[in-house]
Every structure is written in C-alpha cells, then in structure tokens.
Amino acid sequence: MAIVVEQSMGLDPFQRAAFAFCNRRRDRIKLLIYDRSGFWMLLKRLEADRFHWSRSQEAVLTLTTEELHWLLDGINIAAVRRHPVRQYHSVG
C-alpha cells in the first residue's frame, strides 16, 4: 500500500497522514498510517452496507479528520453541507 501511495498518488507515505483505500464493492476500507517506527494497516469491513465513497474525477482527495470519521460512520460526505464561512468586519 505504501508503494501505491508513493507511485500512483505521488505522495510521501511517511508523512503524518492517513491514506484510505476502498474496494470495488465499497464494503471495505483500508487505512495506511505511518507512526515513526512502522506502518499501521487498519481494515474495516461492513457486513450489510456500503461506504459512500466519493465519485470525484480527482484521483486523490484530502479529507479532514471529521470527514474521515463521517466516512467511516457511513455518512455521505458529498451530501453534507456546512454553513458558509462568514467574514465580519465589526461587532457593532
């Protein structure tokens, strides 16, 4: 998996990040994490449901920690809309 991160994604597998991979049926997700002494490989398999994996044209997506938790909890990230960021210039 580290070779896939490095060669296919063009990213450094040793950076402080969690790399997520999904299978074709979208019932399994693997996470690859490096922690200074070696790699962690975590696998989550769903018995009856599917993960809502993004169908984006981009090969690599960047998620926040919160979005990763949503993905693992079965929430469709593409359907979630946040309040717009507002910039206020004065209080009064």
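**Strand β1 and its surroundings**

Visitor: Which residues make up the uncovered face of β1?

Guide: Bear in mind that this is a predicted model, where local features need pLDDT of at least 70 and side-chain atom pairs pLDDT 80 or more, while totals for chains, interfaces and linings use all residues. Numbering starts from 1 along each chain as its sequence is written, and side-chain values use heavy atoms, with hydrogens and water left out. Now to β1, a strand (an E run of at least two residues in DSSP, as helices are H or I runs of at least four, numbered from the N terminus). F19 and F21 sit on its covered face, which leaves for the uncovered one A18, A20 and C22.

Visitor: How many bridges join β1 to β2?

Guide: DSSP has to find at least two bridges before two strands pair. β1 and β2 (residues 28-34) run antiparallel, and the number of bridges joining them is 5.

Visitor: And which residue of β2 stands opposite C22?

Guide: β1 and β2 form a hairpin with 5 residues between them, and R26 in that turn has a positive phi of about 60°. Across from C22, in β2, you'll find I29.

Visitor: Which element gives the largest share of the largest nonpolar core?

Guide: Such a core is a set of buried Ala, Val, Leu, Ile, Met, Phe, Trp, Tyr and Cys residues joined through side-chain atoms within 4.5 Å. Here it has 8 residues: I29, L31, F51, L68, W70, L71, L72 and I77. β2 and α2 are the elements that each give two or more. The largest share, 4 residues, comes from α2.

Visitor: What does I77 touch beyond four places in sequence?

Guide: I77 belongs to that core. Counting as contact any heavy atoms within 4.5 Å, and skipping residues up to four places away, I77 touches L63, E67, W70 and L71.

Visitor: Why is L11 called partly exposed?

Guide: L11 lies in the loop between α1 (2-8) and β1. Buried means under 20% relative accessible area, exposed over 50%, and partly exposed in between, using a 1.4 Å probe and protein chains only. L11 counts as partly exposed because its relative accessible area is 29%.

Visitor: How far is the C-alpha atom of L11 from that of V60?

Guide: Leaving aside neighbours within four places in sequence, L11 is in contact with V5, E6, F19 and V60. L11 and V60 are 49 residues apart along the chain, and their C-alpha atoms are separated by 9.6 Å.
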